[in-house]
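Q: I should like a close look at a single part of this model. Please set out the answer as one connected account.

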Amino acid sequence: MSALKFLGEDGFCRLVKMESPSTYLFHPQQLQKIWIQTMKGGQFVLIFLVAFIPIIYGKNVTMGKIVVDGTIRKAQTDENYICMTIDYWPFNECSTLPCLWDGNASALILNLSLPTLTKAVQAFKTLRIRVGGSLQDKLIYDVGSFKGNCPQFARNSSALFQISDGCLSMERWDDLNQFFNKTGAIVTFGLNALLGRHHTTGLQWEGDWNYTNAEAFIQYTIEKNYRINSWEFGNEMVGHNSIGANVTSAQYEKDLIKLREIIDRLYNNSQQKASIAAPSAFFYAPWYKDFVNGTGPGIVDILTHHIYNMGAGDDPKVINNFVDPNYLSKESKDFQQLKNIVENDAPWSVAWVGEAGGTFHGGSPYISNTFVDGFWYIDQLAMAALYNTKVYCRQTLVGGFYGILLPHTLAPSPDYYGALLFHRLMGSGVLKVDNNVSSYLRTYAHCSKERSGVTMLFINLSNETEFTVDIENNMMSTSLADKASQREEYHLIPNNGLVRSSTVLLNGNLLETTEDGDLPDLTPIYRDSNSSITIATWSIVFVVIPHFEASACK
């Protein structure tokens, strides 16, 4: 019989056949009945276990020094960097359990009066919300010449995405804007950029954009004094890897110029001003470079791109990517290339992540809505900021496995609390950090938000090594140890030590809402600044150092 060894803890169970490099990963809730592969006479023998007793190994402790350069801002985000999306998908998708998608999460029917939803958005005070997704290019607005026939989305095997056209009533638009106004949301709205075109062959669609419906909708919005921060033109319909439909670059650029004319004319006498966001595509540097040169200055204000770099949501091995520092860092190449395009070819524009869900196909069960997802999400928030990304939109606020509010209950996921702490603590100024401690200790620094000093973010991807670090300011010849003051620390760890837990502890206290949807206080612990910072295995830690002297933050 082959020898077997248990590896890992905190929710990962790896059963490794010693003669083979194969590794098997299990969700802890599935461990009441698991099987072990063993070899006997060339045959696999299945052994069922009715209980699981983890073997806990002692932790390693690595000590080191982190150096923060406070002399210059490496990059700058928007003050309202965090963004969430609301999609239109109207159907329950339950071909497997748990259900992939709850149709009640659609922007057309989402219950906007739920206290949990309202309070979750209000907690950010100024949360950006992007309304859109695949079906935005099949959505008619019940206004102007299109008023009077307002169908709902329905299954249609011969239609794009196998769904017929749907409709947004002005009554529902009024309700949405009442919600946005009540919660303080800053809104980006995705316009239907496919109307008027006809399908030819493959993914290709041709013809001029019928702009009349969008124009009447924008006009209605301005007359009602609804504040839309930016209008997005289409969704994933151009570029290197379009989804569902494709429009040529030349046609898309021509229609964007028309949208610019409409926006400038309709907002001419308004105190409000709205930006244009495009192309909402998957990034490919040569195409983006040609695109900005094709549209030229004064047309597109915001260059958006979409990211699903973690793999397929139904891939049983996808979780490995979330704890692999080399895999997580690969996306930095695209961020750097887009930064270069903005600086060299489109200095009139800014870069946004317009949609990012980690894993595609609706997210991944027991990953996207659990603690381990933060190893991608919170890390990529900080990574994108390093490259002058101004806004980062998470797919989704609610809906799919990747909803930052959990299905049905709308209880906040671990990622929600990580995003809220990022929003409250990490300012817009991004600083350079030298980290020679370990690639498994992801380390970032920003100017603190609305106060002096610097806020550090640490993400420990290791389940074996605890890190103890000292922070050094490169502006000073001495470390921070001579400063007699206190710092704030916020340690997020998974509940019960299970990395796939859908609940999270902050400084040892379980974070959960009340029955009325009230959020818990996010209370820090205080430590003397002359002490080292300890980052536990598999944890996400924010540290606010108010006395840190950084000239770049003044």
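Which side chains meet in a salt bridge at 2.9 Å, N to O?

A: The side chains in question are those of Asp379 and Arg442. A salt bridge here is a side-chain nitrogen of Lys or Arg within 4 Å of a carboxyl oxygen of Asp or Glu. The model is predicted, so local features need pLDDT of at least 70 and side-chain atom pairs count only at pLDDT 80 or more, whereas totals for chains, interfaces and linings use all residues. Residues are numbered from 1 along each chain as its sequence is written, and side-chain values use heavy atoms, with hydrogens and water left out.

Asp379 lies in helix H9 and Arg442 in strand E23 (residues 441-448), so the pair ties together parts that are 63 residues apart in sequence. Helices (H or I, at least four residues) and strands (E, at least two) are DSSP runs, numbered from the N terminus. Both Asp379 and Arg442 are buried, that is, under 20% relative accessible area, while exposed means over 50% and partly exposed lies in between (1.4 Å probe, protein chains only).

The setting of helix H9 is a barrel, closed by 8 strands in the order E8-E9-E12-E15-E16-E17-E19-E21 with parallel pairing. Two strands pair if DSSP finds at least two bridges between them. Neighbouring strands of this sheet are turned by 25° against each other on average, direction ignored. Axes are lines fitted to C-alpha atoms, for helices over the stretch in contact, and angles run from 0 to 180 degrees between N-to-C directions. Strands E17 (residues 302-307) and E19 (residues 350-356) pair in the parallel sense over 6 bridges. Helix H9 (residues 374-386) packs on the sheet, where it touches strands E8 (82-86), E17, E19 and E21 (389-394), and its direction makes about 160° with that of E21. Contact means heavy atoms within 4.5 Å.

Within strand E19, Thr304 of the partner strand faces Trp352, and Gly354 is also found in E19. Gly354 is buried, with a relative accessible area of 2%. Beyond its neighbours within four places in sequence, Gly354 is in contact with residues including Thr85, Thr304, His306 and Cys393. The C-alpha atoms of Gly354 and His306 are separated by 5.6 Å, although the two residues are 48 apart along the chain.

Strand E21 takes part in another salt bridge, in which the side chains of Arg394 and Asp415 meet at 2.8 Å, N to O. Arg394 belongs to strand E21 and Asp415 to helix H10 (residues 414-425), 21 residues apart. Arg394 and Asp415 are both buried.
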